[in-house]
Amino acid sequence: MTTTATPDIRTEPTASVSGAEFKQGTKPAQIMVAAKELFTSQGFGATSMDAIARTANVSKATLYAHFSGKEELFAAIVSHTCRAQSQLLLAPSVDDLDLTDALSEIGRNFLSLILSPQAVAIFRVVIGEAVRFPDLGRIFFDSGPNQMRSSLSAFLAKKAARGQLDIEDPMRAAEHLIGMFQTPVHLHVLFGVKEGVAQGDVDKVVKDAVEAFLRAYLPRA
């Protein structure tokens, strides 16, 4: 099983929900914890705002004062998780590392997020509900995977501008790297083929992906 710590709404000291900062113990944090529990245990469609208010021990007026509906609440949960992890994914210290080490660190952090029980549960909710709630897939993509892809694209573009990589389309290159990180392990966990991935296997996936990526994108003499 992976052992890297993953972000959790209950333990993050601060985050942003719908543009507003909140701290642990505040009503928005309380609501998000309750909603996440219900979404992942009962599904998006079966979860009502009434049930979220009861589980969070808040009034419906308080709930709607912070979130206009389930869609906004779901987006806030996904955004929070990805934003918390992105602090590790592309932390300022990564830029100071050797390119191979930087990409490897990014890969390990990325896999620690998508293989975490919290992220797997949210992925499953989206897969199960996207046909009945088409906006859910768009919300998830915009709040999660697309943010990650854009952040990595910006990082790769900066490295290309410094002459460390030969990249014409940073977004496309980011998609290539993410695909090589994700494909060998994610579906196995997502569909329950494996309960988790050993850290040694994660390290091997990251090493193989980074080596293949650099063979494709290192500048040629």
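**Aromatic pairs and the nonpolar core**

The charged end of K70 sits over the ring of F44, at 4.5 Å from the ring centre. This contact comes from a predicted model, and the same model gives the features described below.

A search of the whole structure finds 7 aromatic pairs. One of them joins F44 and F74. The arrangement is edge-to-face, with the ring centres 5.9 Å apart and 80° between the planes. F44 lies in the loop between α1 (27–42) and α2 (49–56), while F74 belongs to helix α4 (residues 70–89), so the pair ties together parts that are 30 residues apart in sequence. F44 has a relative accessibility of 0% and therefore counts as buried. F74 is also buried, with a relative accessible area of 2%.

A second edge-to-face pair is formed by F123 and F140. Here the centres are 5.0 Å apart, and the planes meet at 75°. F123 sits in helix α6 (residues 117–129) and F140 in helix α7 (residues 134–143). The two residues are 17 residues apart, and their pair links distant parts of the chain. Are these rings buried or exposed? F123 has a relative accessible area of 16%, and F140 has a relative accessibility of 10%. Both values fall under the 20% limit, so F123 and F140 count as buried.

F44 and F74 also belong to an aromatic cluster. F39 and F133 complete this cluster.

F74 appears again in the largest nonpolar core, which holds 60 residues. Which residues touch the most other members of this core? They are I52, F74, L103, L111, L156 and F213. Helix α11 (residues 199–217) gives the most to the core, with 8 residues. In soluble globular proteins, nonpolar side chains tend to be buried together.

L103 shows such contacts in detail. Neighbours within four places in sequence are left aside here. L103 is then in contact with F155, L156, L177, F181, V210, F213 and L214. Two of these partners, L156 and F213, are listed with L103 among the residues that touch the most other core members.

The protein chain as a whole has 11 helices and 2 strands. Along the sequence, the pattern is β-β-α-α-α-α-α-α-α-α-α-α-α. Of its 221 residues, 45% are buried. Among contacts with a separation of 6 or more, 69% join residues 24 or more positions apart. The chain exposes about 11,000 Å², and carbon and sulfur atoms supply 54% of that area.

How values were computed
Residues numbered from 1 in each chain as written. Predicted model: local features only at pLDDT ≥ 70, side-chain atom pairs only at ≥ 80, totals over all residues. Heavy atoms only, no water. Phe/Tyr/Trp six-rings, centres within 6.5 Å; stacked < 30°, edge-to-face > 60°. Helix = DSSP H or I, 4+ residues; strand = E, 2+ residues; numbered from the N terminus. Buried < 20%, exposed > 50% of the residue type's maximum accessible area, 1.4 Å probe, protein only. Lys NZ or Arg CZ within 6 Å of the ring centre and 35° of its normal. Core = buried A, V, L, I, M, F, W, Y, C linked by side-chain atoms within 4.5 Å. Contact = heavy atoms within 4.5 Å. Areas by Shrake-Rupley, 256 points an atom, 1.4 Å probe, with all protein chains shown as cover.
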